[in-house]
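These are my notebook entries on a structure that is new to me. I set out to look up the sheet, the core and the surroundings of the ligand.

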Amino acid sequence: MKVLGIMGSPRVGGNSDVLLGQALEGAKAAGADVKKIILARKEIAGCRDCKKCNKTGICALKDDMAEIQEQILEAGAVIHSVPVYFWTMTSQMKAYLERWCVFFDAEWKWQKAYYPKMKGKRIGLITVCGDPDPHTADPIVHSFRMTAEMTRLNWLGCVMASATDKGEIAGNEAALSEAFDLGKKAAAPVS
Ligand SMILES: Cc1cc2nc3c(=O)[nH]c(=O)nc-3n(C[C@H](O)[C@H](O)[C@H](O)COP(=O)(O)O)c2cc1C
């Protein structure tokens with residue numbers, strides 16, 4: 001089983017990165033092969049709604065999302081990690097998520113070509129916000145949960161934490177342990 005980590009903060013080594021690292025350690029401990037993609041180091045434009053992919057399953061935009069799409073298809077689970085920017089996800093994560101359009105037809109059903117690999121794929125989320133109330137990230141959770149629900153992906157749950165300074169979350173044992181457990185769950189054998 002391969003577990004893919006998608007890091008949506010432009011602050012590499014920051015709180016989202018630390019927690020995603022923990023989740024991937026948890027997945028490794030459970031026997032998974034892991035890979036992390038840092039979105040800020042990739043070229044990913046937002047969806048233009050040209051609808052070409054509805055028919056072809058191929059995005060008209062030629063950038064790094066094609067290679068990420070391949071990684072998603074190959075993974076058994078995908079764990080996303082992102083901080084709150086202005087009460088929502090970062091622009092990097094939003095552009096990436098919009099590009100999931102490529103997986104769907106005009107009725108928002110899986111493209112036949114992708115369905116065998118996307119069916120039942122596990123999806124998880126980690127959020128970090130500066131606000132002491134981690135539920136400041138609820139709009140991000142809503143966005144990922146609804147995507148999972150619409151497509152019947154297997155929702156692994158989310159870890160929601162608060163921190164401000166770069167790497168501060170490394171002192172939050174509870175958040176680290178929750179992230180590790182999320183990764184373990186992502187890699188657990190199907191029962
Ligand atoms: C542009 C920007 C906007 C932010 N907006 C919010 C916000 O709306 N609510 C909040 O709680 N924290 C906000 N924050 C704080 C970050 O969520 C917080 O510092 C977080 O720990 C950053 O995670 P990272 O280290 O993974 O980048 C913002 C930070 C930046 C840079």
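**Entries on a predicted model**

I began with strand β1, residues 2-7, which pairs with β2 in the parallel sense over six bridges. The model I consulted is a predicted one. For a single pair of residues in these strands, I noted that L4 has K35 of β2 as its bridge partner.

I then looked up the whole sheet. It is open and consists of five strands in the order β2-β1-β3-β4-β5, with parallel pairing. I recorded β2 (33-38) and β5 (154-162) as the edge strands, each of which pairs on one side only. From one strand to the next, the twist averages 15 degrees.

Next I turned to helix α7. This helix lies across β1, β3 (77-83), β4 (122-129) and β5, and runs at about 165 degrees to β5.

My following entry concerns the largest nonpolar core, which has 54 residues; V3, L19, A23, I79, I126, V159 and A179 touch the most other members. Helix α7, residues 173-187, gives the most to this core, with seven residues. I looked up I126 individually: leaving aside residues up to four places away in sequence, I126 touches S16, L19, L20, A23, I79, S81, C158, V159 and A179.

Last, I examined the ligand. Which residues come nearest to the ligand? Of the 19 around it, they are G14, S16, P83, G130 and D131. Two elements, α1 (15-29) and β4, give two or more residues to this shell. The largest share, three residues, comes from α1. By type, I entered the shell as eight nonpolar, seven polar and four charged residues.

Terms used. Residues numbered from 1 in each chain as written. Predicted model: local features only at pLDDT ≥ 70, side-chain atom pairs only at ≥ 80, totals over all residues. Core = buried A, V, L, I, M, F, W, Y, C linked by C-beta atoms within 7 Å. Buried ≥ 20, exposed ≤ 12 C-beta atoms within 10 Å, placed from the backbone. Helix = DSSP H or I, 4+ residues; strand = E, 2+ residues; numbered from the N terminus. Contact = placed C-beta atoms within 7 Å. Pairing = 2+ DSSP bridges. Axes fitted to C-alpha atoms, helices over the stretch in contact; angles between N-to-C directions. Near = placed C-beta within 6 Å. Nonpolar A, V, L, I, M, F, W, Y, C, P; charged D, E, K, R; others polar.
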